[in-house]
Every structure is written in structure tokens, then in C-alpha cells.
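The following report describes the sheets, the ligand surroundings and the nonpolar core of one molecular structure, and it is meant to be read with the sequence and coordinates at hand.

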Amino acid sequence: MALARTTETIGMGGAPAALEARGITRSLPLGKERIDILHGLSFRIARGEFVALIGPSGSGKSTVLGIIAGLDSPTGGQVLVDGIDITRMSEGQLAAIRNQKIGMIFQAFNLIPTLTARENVEVPLYVGKHEGSPSARAKEVLELVGLGHRLDHRPTQLSGGEQQRVAIARALATRPAIVIADEPTGNLDAKNSANVLNLIRELRARTGTTFIIATHDPTVAAAAERVIRLYDGRVVGDGTPEEVGITEAAAAEGAELRTQPDGVAVAPLPDGVRR
Ligand SMILES: Nc1ncnc2c1ncn2[C@@H]1O[C@H](COP(=O)(O)OP(=O)(O)O)[C@@H](O)[C@H]1O
Ligand SMILES: [Mg+2]
């Protein structure tokens, strides 16, 4: 039902989906039993959509992102990225798809500390086949995220907000069809979160990239054009922020999601990460 409604809501007609999940399940062995983490999720995300994946801690957001990024395999169901079924691909094929079609952004930035901003952004460009010079492309995307003046800085010489901008530039460097972000503002203060969010909106408008963002942050969810709400490994809501109950007012107060049982509005910082 969620699938039918989604198609209708965003009026995709026959347009190719950037991403399609068809009844994905994920279970893990636990002693002699198995625990089900995902119970058959289906959704279709059109090219250029900005989707927030929300739900309390443990509801399966990171598991879903890992599966759609090809980092983890579903137990059942199918995942299509840009029309290509990645479900039964080998590790090597998956690595190639990730490099060509998917950019990833993490809560803890995951930059390589010994490399400069520019070198960090060059890394994915050296992995697969990409047009032009990695160094020129890295400079171009760093300028796009407003860091043209920080090319030779290392992560420790950058603020948290700047580090996340470098990570966003790295994710965009290969011109991926989809950018997947897991709690991208989780380690940032309110001001830097707002900056990163504005940047994502701007980049999306300028590049037409599809953004799928798992978040606890109601401001991020309210800024998305579509919200998929998970609960206990199931899709329990799919629509505009208003339709799934994220109001502007609630977002402003930070009330809506911060009252979820886990209450992880501000995530703990890994060692060495500054706010
Ligand atoms: N490797 C794992 N082993 C056991 N349980 C796991 C593993 N990964 C995730 N889980 C469980 O799966 C559920 C969903 O986790 P996760 O996708 O991380 O949720 P979220 O990102 O929404 O917080 C949780 O109950 C979590 O404990
Ligand atoms: Mg998570």
C-alpha cells in the first residue's frame, strides 16, 4: 500500500527509479534462533528526490542504508540501484557499483586523517574510471561546497562542519546517482547542522543528485520533500513531512523526534571530533 501511494504522491509515471527496494528482509542469527531486523520493506525513490528516513534508534535505518548501498545483503527481497539489481552481485561488482553510482556520508565524517581535504576527495576518483583529473575534480567539488580556501588542510585543521563538507564533496566527486547519508548532522551543533542541511538542499538543486538521509534531526526531516518513517523494521509512514506528522513548529522546537524513546538528539562524539 505504501508503494502504491508513493507512486501516486510523487507522480513518477514510468520514470526510472534511482532506487527501488522490493520486500527487503534482513535477519541475523542469535544463538539458535534468528532475529528479524527488517520485515519486508518496499519503496521506490525517483531520481532527484530528497528523502529522509526516520524512526527511533534500532528501527533499522542504518541496516536499510547499508543494504541499499550494497555494503550488506538482504536476507530476502531485491534492491535495484538506477535500474540495476544489486541483490546477488559479487563483492567486486558491488564495489564497482558503489564507486560509480553511490556516494556515502557518515555521522563521524570518516575522513582519512593523514590526507588533505583535496586528497580525501580524490580517493574515490582513483578507485574507478572517472573522467578528467582527480585533482582538478577534487578542487571543483571542494569549491562547490565552499571550501576552495581549505584544499590543503588536514581534517584536524578543520572544524566539524568543514569536515562534513569535505565528506560531502568526497561523496559527490564521482557524480553518483544517489548520495546516502547516515545521521550526517549527528555530530554537529545546530548552526553547523543548518549549514550542512542548506548545502545539501543547494547541491541537490544544482546537481539533481538523489539524497537519502537517515536522521534523528527533525529539522533535517522537515527539509526533505519526502519522509519514510520506520518502526521496528517496517515502513509505517511514507509521504511529505506534514503527512508523516513532522510539522514546521515541531521541527523548530526539536520536539517531534527528540521525544522518541532513544532520545538521541545529540549523539556522543567519537574521540577527537570537535563540535
Ligand atoms: N550486526 C548486528 N548484530 C545484531 N543485531 C544488529 C546488528 N546490526 C543491527 N542490529 C540490530 O538491528 C536493529 C536495527 O539496527 P539499526 O539498523 O542500526 O537501527 P537504527 O539505525 O535505526 O538505529 C537493532 O535492533 C540492532 O540492535
Ligand atoms: Mg543508525
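Which residues are around ligand 1? In this predicted model, the residues around ligand 1 are Leu28, Ile37, Gly55, Ser57, Gly58, Ser59, Gly60, Lys61, Ser62 and Thr63. Sorted by class, this shell has seven polar residues, two nonpolar residues and one charged residue. Helix α2 gives the most to the shell, with three residues.

Helix α2, which spans residues 61–68, lies across β1, β2 and β4, and runs at about 120° to β1. These three strands belong to an open sheet of four strands with the order β2-β1-β4-β5, in which the pairing is antiparallel. The edges of this sheet are β2 (33–46) and β5 (84–85), each of which pairs on one side only. Between strand β1 (residues 17–30) and strand β4 (residues 76–81) there are five bridges in the antiparallel sense, and Arg22 has Gln78 in β4 as its bridge partner.

A further open sheet is formed by six strands in the order β6-β7-β8-β3-β9-β10, and its pairing is mixed. Here the edge strands, pairing on one side only, are β6 (102–106) and β10 (234–239). Direction ignored, neighbouring strands of this sheet are turned against each other by 15° on average. Helix α6 (residues 160–172) packs on the sheet, where it touches β6 and β7 (178–182), and its direction makes about 165° with that of β6.

The table lists strand pairs of this six-stranded sheet.

| Strand pair | Sense | Bridges | A bridge pair |
|---|---|---|---|
| β7 and β8 | parallel | five | Asp182 and Ala214 |
| β3 and β8 | parallel | four | Phe50 and Phe211 |
| β9 and β10 | antiparallel | five | Ile228 and Asp238 |

Strand β8 (residues 210–214) is mostly covered, with five of its five residues buried. Both faces of this strand are covered, since Thr210, Ile212 and Ala214 on one side and Phe211 and Ile213 on the other are all buried.

How many residues does the largest nonpolar core have, and which of them have the most contacts inside it? The largest nonpolar core has 66 residues, and those with the most contacts inside it are Leu53, Ala169 and Ile180. Helix α6 provides the largest share of this core, six residues. When neighbours within four places in sequence are left aside, Leu53 is in contact with Lys61, Val64, Ile212, Ile213, Ala214, Ile228 and Leu230. Among these contacts of Leu53 is Lys61, a residue that is also found around ligand 1.

Two loop residues deserve a separate remark on their backbone. Most residues other than glycine have a negative phi. Arg175, although it is not a glycine, has a positive phi of about 55°, and its place is in the loop between α6 and β7. Asp232, likewise not a glycine, has a positive phi of about 50° and is found in the loop between β9 and β10.

Are these two residues, Arg175 and Asp232, buried or exposed? Arg175 has 14 other C-beta atoms within 10 Å, so this residue is partly exposed. Asp232 counts as partly exposed because it has 14 C-beta neighbours inside 10 Å. A residue would need 20 or more such neighbours to count as buried and 12 or fewer to count as exposed.

Notes
Residues are numbered from 1 along each chain as its sequence is written. Chains are lettered from A and ligands numbered from 1 in the order in which they are written. This is a predicted model: local features need pLDDT of at least 70, side-chain atom pairs count only at pLDDT 80 or more; totals for chains, interfaces and linings use all residues. Two strands pair if DSSP finds at least two bridges between them. Helices (H or I, at least four residues) and strands (E, at least two) are DSSP runs, numbered from the N terminus. Two residues are in contact if their C-beta atoms, placed from the backbone, lie within 7 Å. Axes are lines fitted to C-alpha atoms, for helices over the stretch in contact, and angles run from 0 to 180 degrees between N-to-C directions. A residue is near a molecule or strand if its C-beta atom, placed from the backbone, lies within 6 Å of it. Ala, Val, Leu, Ile, Met, Phe, Trp, Tyr, Cys and Pro count as nonpolar, Asp, Glu, Lys and Arg as charged, and the others, Gly among them, as polar. A nonpolar core is a set of buried Ala, Val, Leu, Ile, Met, Phe, Trp, Tyr and Cys residues joined through C-beta atoms within 7 Å.
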